[in-house]
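Q: Please take a close look at the sheet in this model. Walk me through how it is put together and what surrounds its inner part.

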Amino acid sequence: MQLIAQLIKSKTDIESLVVLDIAAGSGLVGKHLASFGVKSIVGVDIIPEAAQAAEREFPGVYEKYYVEDLTNISPTAKQELSNRGFNCLVCCSSLSCHLPIQVFINSFNLISQDGWVAFNVSTYILDNPNNIDAFESKKAVNFSQLYYKMVEAGILEISHKHYYLHRYMTNGKAVHYVSVVARKRGNIPENW
């Protein structure tokens, strides 16, 4: 896991992380983080069955697992998440076409200044942002544009990128991804 490697490299105390895992699914990322010593992990997914799977497969990994729409979060969950003091955001395999961009923005803004951000996306999203015809969805275009805007504005400072083969499609075509580890240097402004 590239995040853990960067944490070790920067001499960050892994146990001090307070992680927000968005689109947490069945909890595999949370399980891996916990196996490296992360003690405080909160999961969020819009799908109730994902929360059930996480509890069934990896009981006790998440301190709390919210079933919430992060584009329209309930007032109670919003208050609880805002009070957590998150210093790390992770999102695995959901930014390429699954998540609305507002989910990432709302989650990113919950992370403390200088907090860690780790995610992975299809390589074309970061490597060829001007080739809009190559994008799988409008959500991918939106994330690509947001990513470059954040980097240019100094809101997101890239620490490390790692390119890898993510999977093969049923037609045999290789799908390549890049994992990104970064530091948050400011909030994403409203209506940006």
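A: **The sheet, strand by strand**

In this predicted model, seven strands form an open sheet in the order β3-β2-β1-β4-β5-β7-β6, and the pairing is mixed. The edges are β3 (64–67) and β6 (156–168). Each has a single partner strand, so one side of each lacks a neighbour in the sheet. On average, neighbouring strands are turned by 20° against each other, direction ignored.

Helix α4 (residues 75–82) packs on this sheet. It touches β1 (18–22), β2 (40–45) and β3, and its direction makes about 145° with that of β3.

Now to β2. Six of its six residues are buried, so β2 is largely enclosed by the rest of the structure. In a regular strand, side chains alternate between the two faces of the sheet. Here Ser40, Val42 and Val44 point one way from β2. Ile41, Gly43 and Asp45 point the other way, and all are buried.

Next, the partners of β2. β1 and β2 pair in the parallel sense over five bridges. Asp21 stands opposite Gly43 of β2. Between these two strands the chain crosses through helix α2 (residues 28–35), and this β-α-β crossover is right-handed.

With β3, β2 shares four bridges, and the two run parallel. Val42 has Lys64 in β3 as its bridge partner. The chain gets from β2 to β3 through helix α3 (residues 48–57), in a right-handed β-α-β crossover.

Further along the sheet, β4 (residues 88–91) and β5 (residues 116–122) run parallel, joined by four bridges. Val90 stands opposite Ala118 in β5.

Technical notes
Residues numbered from 1 in each chain as written. Predicted model: local features only at pLDDT ≥ 70, side-chain atom pairs only at ≥ 80, totals over all residues. Heavy atoms only, no water. Pairing = 2+ DSSP bridges. Axes fitted to C-alpha atoms, helices over the stretch in contact; angles between N-to-C directions. Contact = heavy atoms within 4.5 Å. Buried < 20%, exposed > 50% of the residue type's maximum accessible area, 1.4 Å probe, protein only. Right-handed = clockwise from strand over helix to strand, strands pointing away.
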